[in-house]
Structure formats: C-alpha cells, structure tokens
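Trainee: May we go through this structure together, step by step?
Mentor: Certainly; please look at it first, and then put your questions.

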Amino acid sequence: MQGYNPSIKLNNGVTMPAVGLGVYRSSPEDTVGAVKAALAAGYRMIDTAAAYRNEAQVSQAVRENGIARSDIFIQTKLWVSDYSYDGAMHGFERSMKKLGFDYLDLYLLHQPAPAEFERTVGAYKAAEKLMAEGRIRAIGVSNFSPAHIERLMAETDVTPAVNQVELHPFFTQKPLIDFHKKHDILTQAWSPIGGVQRYWREDAKPEEDPLTHPAIAALAQKYSKSPAQIMLRWHLQLGISIIPKSVSPARIIENFDIFDFALTAEEIASIDALDTGKRGGPDPEHSDRKAFPFVIED
Ligand SMILES: NC(=O)c1ccc[n+]([C@@H]2O[C@H](COP(=O)([O-])OP(=O)(O)OC[C@H]3O[C@@H](n4cnc5c(N)ncnc54)[C@H](OP(=O)(O)O)[C@@H]3O)[C@@H](O)[C@H]2O)c1
C-alpha cells in the first residue's frame, strides 16, 4: 500500500490529505531533510507554524524536491503575538514571505487567547478576508474548546474547517470530537503518538507514554506493526487527520506505512479505554500572550 494517501473533504469542499508530517521542534536543518523524506515516502501534507521557525525550510524542501505546488497541502499557523485584525494580516504576509508561495492551503489560529478574545476574533476575521481574496483555501483553529468555537462562530461568518488539538490514546477528547461532528469541523490530532507526554514534562514516566503501553504493544505484536503505527491507524479509523512528527527518515516511512491493516471495533474500543482525561500539553484556557510571551520577528 506504499503510495496510498487517503484524503478528507473539508466543510468548504477543499480536499486535504488525511496524513501529514508535523515539524514542531524540528530544527531548521533537520526540517529540510524531514520534509524531503516525507515527500519521498508519499506524504503530501506538511504542518508548520510561524512559532516553529521553520516555514522557510519547509518551503525549501518542497522546492528542491520539485513537486508541483498544487500537489502538496501546506498548513501554517498564526501565533498569538500577531492576534488582532491588522496583526494577523501582517503575520500572514510574514509567513507567506518565508514560505514563498502564492497561496496557502490551510491557515490556523494557533491557540485561543481567552483573556483577550476580541483579538482572537479580529485575527480570524482577517483570515476570513484572506480566504475570500483567494490567498488561503481553508481556515481553522487549533486548541479551541467547544466554548471557544461557539464564541468565535457567534462573531464571525466562516465555520472553522479544522480544529487541531492534542489527541492520543491517553487523551481521546470524545466530547470535543462529538462537537466537531455536529458542526462539520475536521478533528486533526497533534501529538498523535503522544509526543507531548514525553517532551513537555521533565519528569515523564514510562507509564505516561502511550508508545510503551502494554495494550498498544500487544496490538503491535498481533499486526506485526509498531506501537506508533497502531496509534496512527486508530486515529485514521476514527476519521481523525494526523500529523506525526519525526526527523528520522526510517520513522517517517514507518508512520506512513499504516494502510495495509485494520483494527477491529473491539480493538478501537480498547484503545479508547486508555483515556486518562488528562492533557499532556498546556491548558487552552491559559494560552494567551501572558502565558506565551514570545513574539515572531519580521
Ligand atoms: N497546534 C499545536 O498547538 C501543536 C502542538 C504540538 C504539536 N503540533 C503539531 O503536531 C505535530 C506532531 O505532534 P508532536 O510533535 O507533539 O508529537 P508526536 O508526533 O506524537 O511525537 C513526536 C515524537 O515522537 C518521536 N517519534 C516519531 N515517530 C516515532 C515512531 N514511529 N516511533 C517512536 N517515536 C517516534 C519523535 O522523535 P523523532 O523526531 O526523533 O523521530 C518525536 O519525539 C507537531 O510536529 C506539530 O506539527 C501542534
């Protein structure tokens, strides 16, 4: 099944690949090699962000690979320091200068800024305008709760196409997924193999890592797959888009080799049951400029 690449239709009719490569915490040097390895393996979607400081290297890899721009789905994110209508317009142009493309496939607000939500709304209205002008094909959000999305939808016109959130077997976000389904918003999982459980905490314990959980290991053995592949397959069968990050060519290939087996309904339920209800990453209620004070330079 090498080369197979399932796609998902967003609520505005735009089609995107279900599986992409994430590049958070990929150094600029590593990003070029990782994106090239992903494109060679069949990935056609890359998730970057202004805050990752590697948009230029994503673009470099795409260009050097020679792949047609229209054959690849690029998504990036606006950082909180650029929230407000004018700030977002500026932040978008800065990202586009680094990316060097005429248009962007998907633009996400990186996280809500609950303490100054009017700036969040202003930023989203700028994204709506840019989409109306044809600079962006789809817009969405990241790390938003149902309450954040409801508040945004009450003050803007375009229902977000995507909400990218922390989601893995230890934090399954079922109520949020149900809310997304009701509003035709695609759930996209960040840390799909639980990366945040390892790198976000200094005192991470092995039992807090879904990669080493015995239930996942048993399924990996049954299907002759790795624990990462079992988790990624679980997401796909739930209709969730995934953006696993790796800078290792072997793991990049491994994370895309998930189309030749299927988990049973009982196995899906057994992974669902690993949910702890506890997120590994930051609480979106406290994700504004005060909590994340760094700014993106021009
Ligand atoms: N919107 C947001 O706020 C937000 C937050 C976090 C992440 N994200 C996005 O989501 C993407 C993925 O999330 P993530 O980076 O947090 O976590 P992840 O993809 O769940 O895990 C990545 C970690 O697992 C390792 N890894 C990758 N493949 C592996 C495999 N097959 N077996 C064992 N280990 C493996 C990677 O190391 P190696 O690189 O050494 O392979 C890395 O340390 C990010 O890159 C970013 O694009 C978004």
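Trainee: How do the residues of the shell around the ligand divide into nonpolar, polar and charged?
Mentor: Please keep in mind that this is a predicted model. The shell around the ligand comprises 29 residues, with Gly22, Gly195, Ala228, Lys245 and Ser246 the closest. Glycine is counted as polar here. On that basis, the shell divides into twelve nonpolar, 13 polar and four charged residues.

Trainee: Which helices each supply at least two residues of the shell around the ligand?
Mentor: The shell consists of 29 residues, and Gly195 is among the closest. Residue 195 also begins one of the helices concerned, which spans 195–199, while the other spans 249–256. These two helices are α7 and α10.

Trainee: Which strands are the edge strands of the open sheet?
Mentor: Strands of a sheet pair through backbone hydrogen bonds, either parallel or antiparallel. Here eight strands form an open sheet with parallel pairing, in the order β3-β4-β5-β6-β7-β8-β9-β10. An edge strand pairs on one side only, and this applies to β3 (21–22) and β10 (241–242).

Trainee: Which residue in β6 is the bridge partner of Thr76?
Mentor: Strand β5 covers residues 73–78 and strand β6 covers residues 104–109. The two run parallel and are joined by four bridges. In one of the pairs, Thr76 has as its partner in β6 the residue Tyr107.

Trainee: Are α1 and α2 parallel or oblique to each other?
Mentor: Helix α1 (residues 28–41) and helix α2 (residues 55–65) have axes that come within 8 Å and cross at roughly 40 degrees. Angles under 35 degrees would count as roughly parallel, and 65 to 115 as roughly perpendicular. The two helices are therefore oblique.

Trainee: How many nonpolar, polar and charged residues does the contact of α2 with α3 have?
Mentor: α2 packs against helix α3 (residues 85–99) at an angle of about 35 degrees, the axes being 7 Å apart. The contact involves Glu55, Ala56 and Ser59 from α2, together with Ser95, Lys98 and Leu99 from α3. By class, these are two nonpolar, two polar and two charged residues.

Trainee: Is the crossing of α3 and α4 left-handed or right-handed?
Mentor: The axes of α3 and helix α4 (residues 117–132) come within 7 Å and cross at roughly 50 degrees. The pair is therefore oblique. Where they meet, α3 offers residues including Tyr85 and Phe92, and α4 offers residues including Ala123 and Leu130. The crossing itself is right-handed.

Methods. Residues are numbered from 1 along each chain as its sequence is written. This is a predicted model: local features need pLDDT of at least 70, side-chain atom pairs count only at pLDDT 80 or more; totals for chains, interfaces and linings use all residues. A residue is near a molecule or strand if its C-beta atom, placed from the backbone, lies within 6 Å of it. Two strands pair if DSSP finds at least two bridges between them. Axes are lines fitted to C-alpha atoms, for helices over the stretch in contact, and angles run from 0 to 180 degrees between N-to-C directions. Angles under 35 degrees count as roughly parallel, over 145 as roughly antiparallel, 65 to 115 as roughly perpendicular and the rest as oblique. Two residues are in contact if their C-beta atoms, placed from the backbone, lie within 7 Å. A crossing is left-handed if the near helix is turned anticlockwise from the far one by less than a right angle, and right-handed if clockwise.
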